[in-house]
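This briefing covers a single predicted model. The points below are grouped by topic and are meant to be read beside the coordinates.

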Amino acid sequence: MKISIGNDHAGPEYKKAIVQYLESKGHQVTNYGTDTAASVDYPDFGHPVASDVEEGKADYGIVICGSGNGIAMTVNKHAGVRAGLCWTKEIAYLTRLHNDANIVSIPARYTSIEQAIEIVDTFLTTEFEGGRHQNRVDKISCK
């Protein structure tokens, strides 16, 4: 699987652990995130992830910032992107199962690294249920 990841200054350690986990599972990861705690602007790291998903260069995206909100708002501006803010693996499960999310947003200040890896694993291994949910997903995009 091809996965793009981006993070601001709140998530370098999270990104490092997630990338290591993903690569150990054989996934190809494109890293757009910062590697330091020096303050940066999350849109600069979210837009490239969203573009990769939007253009089919990545199967899924992972974005990380302090609350997960700002970077989720950023990537959701892209057509065809459905990002879910997930702070538990149960929410990650539902955002894939019911919403066919293609980007997961992780709040670094409200999850542990271990939880973040569980969220990513659940997100990537859950299939979209379709059915009654497909009609709803079809109505998300502003066309």
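Phe-128 touches Arg-96, Leu-97, His-98, Asn-99, Asp-100, His-133, Gln-134 and Val-137, leaving out residues up to four places away in sequence. This residue is found in the loop between α5 and α6. Two of its contacts, Arg-96 and Asp-100, form a salt bridge with each other.

**Phe-128 and its setting**

- Phe-128 has a relative accessibility of 18% and counts as buried, because the cut-off for buried is under 20%.
- Phe-128 and Lys-15 are 113 residues apart along the chain, and their C-alpha atoms are separated by 25 Å.

**The salt-bridge network around Asp-100**

- The whole structure holds 4 salt bridges.
- Asp-100 and Arg-82 meet through their side chains in one of them, at 3.2 Å from N to O.
- Arg-82 lies in the loop between α3 (69-75) and β4 and Asp-100 in the loop between α4 and β5, so this pair ties together parts that are 18 residues apart in sequence.
- Asp-100 also pairs with Arg-96, where the closest N and O atoms are 2.9 Å apart.
- Arg-96 is buried, at a relative accessible area of 2%.
- Through shared partners, the salt bridges join Arg-82, Arg-96 and Asp-100 into one network.
- Most residues other than glycine have a negative phi.
- Asp-100 is not a glycine, yet its phi is positive, at about 50 degrees.

**Helix α4**

- Arg-96 is one of the buried residues of α4, together with Ala-92, Thr-95 and Leu-97.
- These buried residues pack against β3, β4, α5 and α6.

**The largest pocket**

- The largest pocket has a volume of about 280 Å³.
- Its lining consists of 18 residues, and those nearest the centre are Gly-80, Val-81, Arg-82, Ile-140 and Ser-141.
- Arg-82 therefore appears both in this central group and in the salt-bridge pair that ties together two loops.
- β4 (83-85) and α6 (132-138) each contribute at least two residues to the lining.
- By class, the lining residues divide into 7 nonpolar, 7 polar and 4 charged.

**Helix α5**

- Helix α5 covers residues 113-125, and at 1.5 Å a residue its 13 residues should span 18 Å.
- The end C-alpha atoms of α5 are 18 Å apart, which agrees with that expectation.
- Ala-116, Ile-119, Val-120, Thr-122, Phe-123 and Leu-124 are buried in α5.
- The elements covering these buried residues include β1 (2-7), α1 (12-24), β3 (60-65), α4 (89-97) and β5 (103-107).

**Helix α1**

- Helix α1 also has 13 residues, which should span 18 Å at 1.5 Å a residue, and its end C-alpha atoms are 18 Å apart, in agreement.
- Its buried residues are Pro-12, Tyr-14, Lys-15, Ala-17, Ile-18, Val-19 and Leu-22.
- The cover over these residues includes β1, β2, β3, β5 and α5.
- α1 and α5 thus appear in each other's cover, as α1 is among the elements over the buried residues of α5 and α5 is among those over the buried residues of α1.
- Gly-26 follows α1 and has a positive phi, near 90 degrees.

**The loop between β2 and α2**

- Asp-35 and Lys-15 form a salt bridge in which the closest N and O atoms are 2.5 Å apart.
- The pair links distant parts of the chain, 20 residues apart, with Asp-35 in the loop between β2 (28-31) and α2 (43-54) and Lys-15 in helix α1.
- Asp-35 is exposed, with a relative accessible area of 59%, whereas Lys-15 counts as buried at 2% relative accessibility.
- Thr-36 is placed in the loop between β2 and α2 and counts as partly exposed, at 41% relative accessibility.
- Outside its neighbours within four places in sequence, Thr-36 is in contact with His-9 and Pro-12.
- Pro-12 is also one of the buried residues of α1.
- The C-alpha atoms of Thr-36 and Glu-13 are separated by 8.8 Å, with the two residues 23 apart along the chain.

Technical notes: Residues numbered from 1 in each chain as written. Predicted model: local features only at pLDDT ≥ 70, side-chain atom pairs only at ≥ 80, totals over all residues. Heavy atoms only, no water. 1 Å grid on protein atoms, 1.4 Å probe; cavity = no way out; pocket = protein on both sides within 12 Å on 5 of 7 lines; lining within 4 Å. Points joined across faces, edges and corners; volume = space filled by probe spheres on them. Helix = DSSP H or I, 4+ residues; strand = E, 2+ residues; numbered from the N terminus. Nonpolar A, V, L, I, M, F, W, Y, C, P; charged D, E, K, R; others polar. Expected span 1.5 Å × (residues − 1). Buried < 20%, exposed > 50% of the residue type's maximum accessible area, 1.4 Å probe, protein only. Contact = heavy atoms within 4.5 Å.
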